[in-house]
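Biologist: Could you take me slowly through one strand of this fold and its surroundings, in words that a first-year student can follow?

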Amino acid sequence: EYRGIIFDLDGVIVDTAKFHYLAWRKLANDLGFDISLEQNEQLKGVSRVHSLEQILGWGDKTVSKPDFEALMVTKNEDYLARISGMSEEDLLPGVKKVLDFLTENGIPFSLGSASKNARPILKSLNIYDRFAAIVDGNDVQKAKPDPEVFLIASEKLSIKPEKCIVFEDSVAGIEAARRAKMLSVGIGEQEVLKDADHIFADFTQIEIDFIKKIVTK
Ligand code: B16
Ligand code: MG
């Protein structure tokens, strides 16, 4: 019934989510406060600008526009240093099996990520060319939970939103998929992603049969 797949990047294909957290946490610590893991859940899938706004709010800090820009640069440099040296081996367990199945069966897939670093990351993972389309933080005006990123992906795949499946690890992303009228598969904890149509702890828990069942050519 479903014809195309849209993958989130951070926390779904690769475990960069923890490096985003470490980099944001370092930034908060340098400003004199901390970010909890629970607060971090609210940052997943959220754009760089909105993440920083949220974090400064938690720390009760206001900064000038130039300082805000400088903090974003600092965070991104810290993040890029943490993920440098990434390779195919950093694909999360079970992901390759699913991508191989989709490729072999001619089921197109797109990226739908909030990250502005998505393209170089896909290249270091050596899977860039396998995506029929890539939509990332550079291509959208509105951040998740707005459905824009997934709607552009469905357009680029030439597959109607109702025929697309989204794999997501964030609350904001599951909400974006719902608003786009797509089927959502949550990757992570049941309690956090309770609004997803299906939930798996990670890709090793997903049987190819499950994919077969929900997708037909
Ligand atoms: P960047 P996703 C999101 O990627 C991350 O989950 C989120 O933590 C990050 O702030 C956002 O990308 C922006 O990333 O700073 O690299 O542009 O999960 O939508 O693939
Ligand atoms: Mg994510």
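Modeller: In this predicted model, strand E1 (residues 4-7) and strand E2 run parallel and are joined by three bridges, and within this pairing Ile-5 stands opposite Phe-109 of E2. On its other pairing, E2 is matched with strand E3 (residues 133-135), again in the parallel sense and over three bridges, with Ser-110 standing opposite Ala-133 in E3. To get from E2 to E3 the chain passes through helix H6 (residues 118-124), and this β-α-β crossover is right-handed.

It helps to recall that in a regular strand the side chains alternate between the two faces of the sheet. In E2, which spans residues 109-112, Phe-109 and Leu-111 lie on one side while Ser-110 and Gly-112 lie on the other, and all of these are buried, so that both faces of the strand are covered.

Stepping back, E2 belongs to an open sheet of six strands, paired in parallel and arranged in the order E3-E2-E1-E4-E5-E6. E3 and strand E6 (198-200) stand at the edges with a single partner strand each, and therefore one side of each has no neighbour in the sheet. On average, neighbouring strands of this sheet are turned by 20° against each other, direction ignored.

Beyond E1 comes strand E4 (residues 164-168), which runs parallel to E1 and is joined to it by four bridges; here Phe-7 has Phe-167 as its bridge partner. Helix H7 (residues 148-157) packs on the sheet, where it touches E1, E2, E3 and E4, and its direction makes about 160° with that of E3.

Conventions
Residues numbered from 1 in each chain as written. Chains lettered and ligands numbered in written order. Predicted model: local features only at pLDDT ≥ 70, side-chain atom pairs only at ≥ 80, totals over all residues. Buried ≥ 20, exposed ≤ 12 C-beta atoms within 10 Å, placed from the backbone. Helix = DSSP H or I, 4+ residues; strand = E, 2+ residues; numbered from the N terminus. Pairing = 2+ DSSP bridges. Right-handed = clockwise from strand over helix to strand, strands pointing away. Axes fitted to C-alpha atoms, helices over the stretch in contact; angles between N-to-C directions. Contact = placed C-beta atoms within 7 Å.
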